[in-house]
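Trainee: I have a chain to study today. Can we go through it piece by piece?

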Amino acid sequence: MKLNQRLVGAAMSLLAACAWADDAKKHYYTDIPGVEAQVLIKTTRSWNGSTLPAYGDGQPEVTIVRYTFAPGASIPMHMHPVINAGVLLKGELLVVTKSGEKITLKAGEPLVELFKEWHYGVNPGKEPVDLIVVYAGTVGTPLVIREQPTDK
């Protein structure tokens, strides 16, 4: 009897795993002929390994921005008070933190951006950067805060 119970338990676990796989397939629409889905990234951490925070209180707001950086163009030191992630469609992008951590993205690569950590970005390449970023914030929360220059 115990062997039968174990076999039934194993069979139920296998069925549950298969059902989960089928659910995942349907979630990404991969069960539809002619449709492909590729998860570029799924994570709980930003590119430097920092754990992403819980979402803030308030009305959720999603913003999608497409950025273009000319060769040599850079954006100043800034931070994001909202979780955001993007995909580099074209070009090369170097992101550098205030503490000197760096990541270089190439076309096609995803990025989960830093949360409330100072950093800047620069296009070190010879072609424009084409970047799409999705910000998951709340109404009234800025997407970017620029570092204020200090008087010397």
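**Two sheets, one helix**

Mentor: Let us start with a sheet in this predicted model. An open sheet of 5 strands has the order 5-4-7-2-9, and its pairing is antiparallel.

Trainee: Which are the edge strands of the sheet with the order 5-4-7-2-9?

Mentor: Look for a strand that pairs on one side only. That fits the two ends of the order 5-4-7-2-9. The edge strands are strand 5 (102–106) and strand 9 (145–146).

Trainee: How many bridges pair strand 2 with strand 9?

Mentor: Strand 2 covers residues 74–79. Methionine 79 stands opposite isoleucine 145 in strand 9. Histidine 78 faces arginine 146 in that strand. The pairing is antiparallel, and the number of bridges is 2.

Trainee: Which residue of strand 7 stands opposite isoleucine 75?

Mentor: Strand 7 spans residues 119–122 and pairs with strand 2 in the antiparallel sense. There are 3 bridges between them. Opposite isoleucine 75 stands glycine 121.

Trainee: Is threonine 97 buried or exposed?

Mentor: Threonine 97 is found in strand 4 (residues 92–97). Leaving out residues up to four places away in sequence, it touches Trp47, Leu114, Trp118 and His119. Its relative accessibility is 5%, and the cut-off is under 20%, so threonine 97 counts as buried.

Trainee: What is the order of the open sheet of 4 strands?

Mentor: This sheet is also described by its pairing, which is antiparallel. The twist averages 15° from one strand to the next. Strand 1 (60–69) and strand 6 (110–112) stand at the edges with a single partner strand each, so one side of each has no neighbour in the sheet. The order is 1-8-3-6.

Trainee: What holds paired strands of a sheet together?

Mentor: Strands can pair parallel or antiparallel. Either way, they pair through backbone hydrogen bonds.

Trainee: How many bridges join strand 1 to strand 8?

Mentor: Strand 8 covers residues 129–138, and the two strands run antiparallel. Tyrosine 67 stands opposite leucine 131 in strand 8. The number of bridges is 10.

Trainee: How many residues of strand 1 are buried?

Mentor: Strand 1 has 10 residues. It lies largely in the open, because the number buried is 1.

Trainee: What kind of aromatic pair do tyrosine 67 and phenylalanine 69 form?

Mentor: The count of aromatic pairs comes to 1. The ring centres of tyrosine 67 and phenylalanine 69 are 6.5 Å apart. Their planes stand at 80°, and over 60 degrees is the cut-off, so the pair is edge-to-face.

Trainee: What is the relative accessible area of phenylalanine 69?

Mentor: Take tyrosine 67 for contrast. Tyrosine 67 counts as partly exposed, at 27% relative accessibility. Phenylalanine 69 is buried, with a relative accessible area of 7%.

Trainee: Which residue in strand 6 is the bridge partner of alanine 85?

Mentor: Strand 3 holds residues 83–90. Strand 3 and strand 6 pair in the antiparallel sense over 3 bridges. The bridge partner of alanine 85 is valine 112.

Trainee: Which residues does threonine 43 contact, leaving aside its neighbours within four places in sequence?

Mentor: Threonine 43 sits in the loop between helix 1 (2–27) and strand 1. It is partly exposed, with a relative accessible area of 38%. Its C-alpha atom is 8.1 Å from that of valine 112, though the two are 69 residues apart along the chain. The contacts are Leu52 and Val112.

**The whole chain**

Trainee: What pattern does the protein chain follow along the sequence?

Mentor: The secondary structure comes to 1 helix and 9 strands. Read along the sequence, the pattern is α-β-β-β-β-β-β-β-β-β.

Trainee: What share of the contacts with a separation of 6 or more involves residues 24 or more positions apart?

Mentor: The chain has 152 residues, and 24% count as buried. It exposes about 10,500 Å², with carbon and sulfur atoms supplying 58%. For those contacts, the share is 77%.

Trainee: Over which residues is the pLDDT below 50?

Mentor: The mean pLDDT is 87, and 82% of residues reach 70 or more. One stretch falls below 50 and has 0 contacts beyond near neighbours in sequence. Where pLDDT is low, the predicted coordinates should not be read in detail. That stretch is residues 10–20.

How values were computed
Residues are numbered from 1 along each chain as its sequence is written. This is a predicted model: local features need pLDDT of at least 70, side-chain atom pairs count only at pLDDT 80 or more; totals for chains, interfaces and linings use all residues. Side-chain values use heavy atoms; hydrogens and water are left out. Two strands pair if DSSP finds at least two bridges between them. Axes are lines fitted to C-alpha atoms, for helices over the stretch in contact, and angles run from 0 to 180 degrees between N-to-C directions. Buried means under 20% relative accessible area, exposed over 50%, partly exposed in between (1.4 Å probe, protein chains only). Contact means heavy atoms within 4.5 Å. Accessible areas come from the Shrake-Rupley method with a 1.4 Å probe; for residues, only the protein chains shown count as cover. Rings of Phe, Tyr and Trp (its six-membered ring) pair if their centres lie within 6.5 Å; planes under 30 degrees apart count as stacked, over 60 as edge-to-face and the rest as tilted. pLDDT is the predictor's confidence in each residue, from 0 to 100.
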